[in-house]
Amino acid sequence: DLMNDAESASFTDSHELSEQDFKRHLQTDFNFRLWKKEAGSHLTNLEEVAEKLRIFEGLKEKYQEKSRQQAVENKKLDDVLNQEREWTRLLEEDKAQKLDEIHAWVRDTPWLDIPEEVFQETSRSLHSLYEPTPYDRVKEPYRKAVFHYEQEERKKLSHLTFELNQLDEYLTENKTELKEWKQKKDPEPDADPLTKEARQILSEKGIAHTPLYAAVEFREHVDEALRKRIEAALIDSGMLNALLVEKDMSVEHDKILTPAPNMMTYTLADYLKPDLAENNKLPDGLVDDILRSILVDAHGGDESQFSINEQGNYQLGLLKGHAIPVDRVKYIGRNARKRYREEQILRIQEEIDTLETEKNALQDNIEQTEKAITEAGIRLDAFPADADLQESFRQITNVRLKAKHHQEQMENLSAQIK
């Protein structure tokens, strides 16, 4: 080492011997060869020591430089570790804030049913966020809840749309019926389309005709209850809508009344009287003969003739029957037909108004449901995002990489110093 080198470089002891030898030979010529040799050897030793000192100083400087660099790296490592701790603290604060934001989002979405266990799972997922839990896993149960809500609302919308379509059909039918009633001069009993067609042909041929109900009116003394029973008996028997024609003729898809008047007995003429429309060409006498051809309260008469009684019974040959009661007179008498027509128009109009009200309510409900579906998507888009959490975790990742780099640098410097 350097101490040994210093001792070996010393020439004190050997020089003393040489000096003594020199003094003994002062009176003679002295040979300085040994001195020169010792001086040369000593110079060589000094040069070697000087070289080792230079090497030592170089190593010392390198060691000091590496130590300085190591101190710098250690300072940098401490700095980034402090940064990591700070970013980790911020991330944990952001996680807590994010959980509060999610709770607030749920409170602001009252139509969404989120069970308590979902909040617990959210808290656990946030705790391990990005390591390894992705934020999509945090959001997933809420996305599913919104999707389920949307599905239920779409089912509701489908049902409401179906109801609206049905309601539109009912409205169309009622409006068509209302238009028909408004266009009718008089209400008519139900008849087969073939019967209506046969009567249309008669009109086109100019053959005067009219159904029985349109050719008569009740006499004033007939009370309302009896009027209803008479009309019921004529409806049930098929006589009410049977035709009176100006001449005897063959019939197709229809019924024609032929006169066979009775005298000196009660007939329908005692309860009804002719009341033809002004433009009808049938004679009043034909109507009266038809009325007198229908017996009332017949006893022991000709059973082949048509007869009725005041209790609503009727008989035609072998056929006997009792009429189903009617709630009011609808067809016999102009006023009755007018009143019935007005009642039907009012009834249908009220039904249309009710349907329109229901339709408006349905349309409002459909609009609200569609709005709810749209808002559900908007609310899901408004679910708290994780951009702030991502930034904090990105910073943590960066400082961890820096810390790893500085740690490796310190390990390299330590290896170089050894």
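Student: How many residues sit between E7 and E8 in their hairpin, and which glycine in the turn has a positive phi?
Tutor: Two residues separate E7 from E8, and the glycine is Gly317, whose phi is about 65°. Keep in mind that this is a predicted model.

Student: Noted! How many bridges hold E7 to E8, and do they run parallel or antiparallel?
Tutor: There are four bridges, and the two strands run antiparallel. In one of the pairs, leucine 316 has leucine 319 in E8 as its bridge partner.

Student: What's on the other side, between E6 and E7?
Tutor: E6 and E7 (residues 313-316) are also antiparallel, joined by three bridges. Isoleucine 308 faces tyrosine 314 in E7 there. These strands make a hairpin as well, with four residues in between, and glycine 312 in its turn has a positive phi of about 95°.

Student: And what order do the strands take in the sheet?
Tutor: The order is E5-E6-E7-E8, in an open sheet of four strands with mixed pairing. The edges belong to strand E5 (295-296) and strand E8 (319-322); each has a single partner strand, so one side of each has no neighbour in the sheet.

Student: Mixed, okay. Which way do E5 and E6 run?
Tutor: E5 and strand E6 (residues 306-308) run parallel, with two bridges between them. Leucine 295 stands opposite serine 307 in E6.

Student: Switching to helices: at what angle do H5 and H9 pack?
Tutor: The angle is about 160°, and the axes are 8 Å apart. That makes H5 roughly antiparallel to H9. The crossing of H5 past H9 is left-handed.

Student: What kinds of residues are in that contact?
Tutor: The contact of H5 with H9 has 21 nonpolar, eight polar and 18 charged residues.

Student: Which residue does lysine 359 form a salt bridge with?
Tutor: Its partner is aspartate 168, with the closest N and O atoms 3.0 Å apart. Lysine 359 lies in helix H9 (residues 334-381) and aspartate 168 in helix H5 (residues 135-183), so this pair ties together parts 191 residues apart in sequence.

Student: Is lysine 359 buried or exposed?
Tutor: Lysine 359 is buried, because its relative accessible area is 18% and the cut-off for buried is under 20%. Aspartate 168 counts as partly exposed at 25%.

Student: What about lysine 175, which glutamate does it bridge to?
Tutor: Lysine 175 forms a salt bridge with glutamate 356, where the closest N and O atoms are 3.3 Å apart. This pair also links distant parts of the chain, with lysine 175 in helix H5 and glutamate 356 in helix H9, 181 residues apart. Both count as partly exposed, lysine 175 at 43% relative accessibility and glutamate 356 at 26%.

Student: Which residues are joined into one network by salt bridges that share partners?
Tutor: Glu84, Glu131 and Arg400 are joined that way.

Student: Now arginine 89 and glutamate 86, how far apart in sequence are they?
Tutor: They are three residues apart, about one turn of the helix, and both lie in helix H3 (residues 33-107). Their side chains meet in a salt bridge at 2.2 Å, N to O.

Student: How accessible is arginine 89?
Tutor: Arginine 89 is partly exposed, with a relative accessible area of 37%. Glutamate 86 is partly exposed too, at 37%.

Student: Last one: how many salt bridges turn up in the whole structure?
Tutor: A search of the whole structure finds 23.

Technical notes: Residues numbered from 1 in each chain as written. Predicted model: local features only at pLDDT ≥ 70, side-chain atom pairs only at ≥ 80, totals over all residues. Heavy atoms only, no water. Salt bridge = Lys/Arg side-chain N within 4 Å of Asp/Glu carboxyl O. Buried < 20%, exposed > 50% of the residue type's maximum accessible area, 1.4 Å probe, protein only. Pairing = 2+ DSSP bridges. Axes fitted to C-alpha atoms, helices over the stretch in contact; angles between N-to-C directions. Parallel < 35°, antiparallel > 145°, perpendicular 65-115°, else oblique. Left-handed = near helix turned anticlockwise from the far one by under 90°. Nonpolar A, V, L, I, M, F, W, Y, C, P; charged D, E, K, R; others polar.
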